[in-house]
Amino acid sequence: MITLEKLEKSVQYIKGVGPKKAKLLSKMGIETIEDIFYNFPRAYEDRREIKKISTLENGEKANVKVIICGTPRTYRPRKNMSIIKLPVKDETGIMYLTWFNQDYIINNISMGDIIVISGRVKRLGNQIEMQNPIYEKYNESGKKIGRVVPIYQLTEGLTNNELTKIVEQTIDTYLSYTVDAIPQNIIDRLGLFSFNQAIKNIHFPEDRFSYKKAKERLVFEELLFLQLGLFIIKGNSIVNNKGIIFSKNDETSKLLELLPYKLTSAQTRVFNEIARDMESPKQMNRLVQGDVGSGKTIIAVLSMLKAFNSGYQSVMMAPTEILATQHYESIKTLLDKFNICCELLTSNIAGKKKADILSRIETGEVNIIIGTHAVLQENVSFYKLGLAITDEQHRFGVRQRATLSLKGSNPDILVMTATPIPRTLALILYGDLEVSIIDELPAGRKKIKTYAITGEMKERAYSFVREQVNKGRQAYIVCPLVEESDSINAQSANELYENLKSSTFNDLRLGLLHGQMKSLEKDNIMAEFKNGQIDVLVSTTVIEVGVNVPNANIMLIENAERFGLAQLHQLRGRVGRGNHQSYCILVNESKSRISKERMHIMEKTNDGFLIAEKDLQTRGPGEFFGTRQHGLPDLKIANLFSDINTLKISQKIAFQILEKDPNLTSEDYRIIKERILKLFNKESQLISFN
Ligand code: ADP
Ligand code: MG
C-alpha cells in the first residue's frame with residue numbers, strides 16, 4: 001500500500017540527490033518527489049533519427065552512430081584550456097569530435113568503441129566536425145540519444161542532463177507507488193492515460209501519440225481539480241441553479257424614456273438578454289463585456305429597476321470607493337422618480353450611520369445597495385436579495401463574488417467588465433456563465449486622439465493642456481507607476497503635484513488624488529473635479545477604473561512605458577465620455593524599440609479587445625490575468641486558449657462528481673480531495689469541506 005506520504009518526501013530521498021542538488025531544486029520550487037513528477041519539460045528534443053556522416057549538413061543538429069577509429073589527441077593551446085580531438089567513422093565517411101576542457105572523456109572511451117553522438121555539425125571544407133557532442137556507448141544507448149529527450153527549465157549549477165537523470169531515477173523508483181487520483185471508471189469512460197503512463201510519457205514520450213495522450217490526461221486532471229475547487233468555493237452553486245422568476249411587468253421602458261439619450265442597439269440587445277434570463281426560472285449567471293465608455297452602468301440600473309419591480313433588493317459592488325460613490329450618485333438620480341431607496345455602503349461609512357443603513361437593508365427598506373467590498377461583510381444581511389452585480393469584475397477574486405451571491409438564496413448574478421476575458425478563463429471562473437457583449441459605442445463619440453511623445457516634448461504637451469483648460473475643459477495627469485506600493489506611488493503623485501503647482505500650472509486650479517488619502521478627502525476632490533472646480537487632476541492609477549467626468553478631455557500619462565497596454569487603455573477610457581474631442585498623451589521616456597511599438601499600438605487603435613490581445617502576446621496570460629488575483633492556482637500544463645475542449649469535459653465530470661458526492665467523502669475521491677485542498681490552500685485557507 002502506498003501512498004501519498006511517500007511522494008511528499010523530500011527530493012533528498014532520491015538516489016543521486018544530495019543536499020547541494022536538493023538546494024538547487026528547491027530554488028526551482030521542487031521540494032518533494034511529487035514535485036519532480038509535476039515538473040514538466042518545457043520542450044523536447046527529438047533525437048530518434050540516426051544519420052550517416054556523408055549526409056550531414058553544416059549547422060544542423062544531428063545524431064550519428066560511429067566507431068572510434070583513432071586515438072584521441074589532446075592539445076593545450078593555452079593555459080587552462082585543453083582540446084581533445086577524436087576521429088570517428090561510419091560506413092559513409094569520417095569525422096572528428098572535439099571536446100573543450102573535458103579531459104576525463106579520454107578515460108571513458110577507446111579505439112573500436114561504437115558510440116552514438118549528438119550535436120551540431122560543422123563542415124570546414126571537406127572536414128566534418130562536431131564540438132562538445134553528447135555521446136553514449138551504443139550498447140548502453142537509448143537514454144540520451146535515440147529517443148525524444150526532455151528539456152527542462154534549469155537553474156544555474158544544474159544541467160539538463162543531471163535533471164533528466166534525476167527524473168528518470170524518480171520515475172524508476174517511485175512511480176509505481178503512486179495511486180491514480182482519478183477513479184478508474186472515469187479513466188475508462190474517457191479513454192485517458194493512467195497517471196503512471198502520463199507521467200512517464202510526459203517526461204520521456206515514446207512517440208507523438210503517447211505524448212499527446214499524456215498531455216491530455218494531465219491537462220484534464222489539472223482542470224478537473226481546478227474546476228472542483230472552484231465549484232466548492234462557490235458553494236456548489238452550479239449544482240443548484242434554480243433562480244428567481246422576475247416579472248415581465250416592469251418600469252424599464254419608463255426609465256428609458258427619461259434618459260437624455262437612446263440606448264445603442266448593442267445595449268438594447270444586451271439588456272434584452274438579461275431581461276430574458278431574469279424572467280426565466282433559471283438563475284442568471286451573465287457576464288457583460290463592453291469596452292470602456294460603452295455604457296454598462298445603465299444596463300445595471302435597468303436590471304436593478306427590474307428586480308425592484310418584482311419586490312427584490314439588488315446589490316452592486318464596485319472595486320474602489322471613488323467608483324462606488326460615483327455609481328451611487330448617478331444611480332440615485334436616475335431612479336429618483338421610481339420611489340426607490342438607494343444607499344451607499346463603504347468601509348468608511350461607520351458608526352450610527354452604518355448601523356442605520358444595515359438595519360434598513362435587513363428590513364427591506366433599502367432597495368438598492370451600492371458599495372465596495374464592505375457589502376460582503378458578515379453584518380450585512382439582506383431582506384430579499386434578488387440581484388447581485390459586480391462592476392469591473394476583474395478586480396475581484398473568485399471568492400468575493402461567491403460570497404456576494406451567497407448573501408441571497410440564488411440571486412441572479414451579473415458581472416460587468418471592460419477587460420476581455422478569453423472564453424476559457426470565463427468558463428473556469430464562472431462555470432456555465434453566459435456572455436453578452438456591448439460591441440458598440442454610443443453615437444457621436446469622437447475617437448480619442450492618442451499621441452505618444454518623448455520626454456523632451458512634455459512642455460508642449462503642458463501648453464496644450466493649458467489651451468484646453470482655457471476653453472473650459474479639464475485634464476487628468478497620471479503620474480508614473482513606481483511600483484506596486486501605494487505609499488510610494490502617492491509620494492510620486494505628490495511630488496508631481498507640488499512641482500506643477502509651483503511652476504507650469506501655478507495659475508490653474510490643481511487637484512491631487514491618490515490611494516493613501518482618506519476617503520472623505522478623495523470624495524471631495526472627485527466632487528470638485530466633477531463640478532468643474534478643479535482644472536487639472538494629478539492622480540495615481542486610482543482613477544483607472546470607471547470614473548466618469550464627461551467634461552474632462554485630456555489624459556496625460558507620465559512614463560507611459562511603465563504601464564501595461566490594457567491599463568493604458570483603461571486610463572484613456574476616462575476621457576472621450578462627452579461631446580468634446582478628447583486626447584490621450586502618452587509620455588514615453590524609454591528609447592527601447594518594444595516600448596515604441598507598444599505606444600504605437602495605443603496610437604493606432606481604440607479597440608480594447610485588440611489591445612488586450614497584444615498585451616497578452618507581450619506579457620503572457622499569467623501576468624495579464626493576474627491569476628493570483630482571481631484566487632486561482634497557477635496552471636502548470638493546461639492552456640487557457642487551446643484547451644477549451646478538455647476544459648468542457650472536465651467541467652462536466654466535476655459537475656457529475658459533485659452531484660453525487662458534494663463533499664467528496666467517498667474513498668473514490670479521497671486523493672482528489674487532498675489535491676484540491678493542497679492546491680487552493682497553498683497561500684490562503686480558501687477551501688474547507690463541510
Ligand atoms: P462603462 O461601460 O465604461 O461603464 P458608462 O456606463 O460609465 O460606461 O457610460 C459612459 C458614459 O456614456 C456615461 O456618461 C453614460 O451616461 C453615457 N452613455 C451610456 N449609454 C449611452 C448612450 N446610449 N448614448 C449616449 N451616452 C450614453
Ligand atoms: Mg463602468
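# Notebook: a sheet, a ligand and a few single residues

I started with helix H16 (residues 458-470), which lies across E17, strand E18 (474-478), strand E20 (536-539), E21 and E22. Against E21, helix H16 runs at about 165°. A reminder to myself before going on: this is a predicted model.

**The sheet under H16**

Next I looked up how the strands are ordered. They form an open sheet of six, in the order E17-E22-E21-E18-E20-E19, and the pairing is parallel. Which strands are at the edges? I found strand E17 (449-454) and strand E19 (510-513) there, each pairing on one side only. From one strand to the next, the twist averages 20°.

I then picked one pair for a closer look. Strand E21 (residues 552-557) pairs with strand E22 (residues 583-588) in the parallel sense, and I noted four bridges between them. Which residue stands opposite Cys584 in E22? My entry for that position reads Met555.

**The chain as a whole**

Stepping back, I noted 25 helices and 22 strands in the chain. The chain has 690 residues, and 55% of them are buried. I also checked how far apart in sequence the contacting residues are. Among contacts with a separation of 6 or more, 73% are between residues 24 or more positions apart. For the accessible surface of the chain I wrote down about 32200 Å², with 48% of that belonging to carbon and sulfur atoms.

**Two asparagines with positive phi**

Asn80 caught my eye: its phi is positive, about 65°, although Asn80 is not a glycine. I located Asn80 in the loop between strand E3 (73-78) and strand E4 (81-90). Is Asn80 buried or exposed? Its relative accessible area is 74%, and with the cut-off for exposed at over 50%, Asn80 counts as exposed.

Asn559 also has a positive phi, near 45°, and is again a residue other than glycine. I found Asn559 in the loop between E21 and helix H19 (565-572), so this entry takes me back to a strand that H16 lies across. Is Asn559 buried or exposed? Its relative accessibility is 11%, and because buried means under 20%, Asn559 counts as buried.

**Around ligand 1**

How many residues surround ligand 1? I noted 16, and the closest are Gln267, Gly293, Lys296, Thr297 and Arg445. I then went through some polar atom pairs one at a time:

- From Gln267, an N or O atom in the side chain is 2.8 Å from a nitrogen atom of ligand 1.
- From Lys262, a backbone N or O atom lies 2.9 Å from a nitrogen atom of the ligand.
- From Ser294, a backbone N or O atom lies 3.4 Å from an oxygen atom of the ligand.

I also looked up how much of ligand 1 is covered. On its own, ligand 1 has 570 Å² of accessible area, and the protein covers 84% of it.

**Last entry: Ser650**

I finished with Ser650, which has its place in helix H24 (residues 644-660). Ser650 is buried, and its relative accessible area is 0%. Which residues does Ser650 touch, not counting those up to four places away in sequence? I listed Phe220, Leu223, Leu224 and Gln227.

How values were computed: Residues numbered from 1 in each chain as written. Chains lettered and ligands numbered in written order. Predicted model: local features only at pLDDT ≥ 70, side-chain atom pairs only at ≥ 80, totals over all residues. Heavy atoms only, no water. Pairing = 2+ DSSP bridges. Axes fitted to C-alpha atoms, helices over the stretch in contact; angles between N-to-C directions. Contact = heavy atoms within 4.5 Å. Buried < 20%, exposed > 50% of the residue type's maximum accessible area, 1.4 Å probe, protein only. Areas by Shrake-Rupley, 256 points an atom, 1.4 Å probe, with all protein chains shown as cover. Near = heavy atom within 4 Å. Polar contact = N/O pair within 3.5 Å; in protein donor to acceptor, adjacent residues only side chain to side chain.
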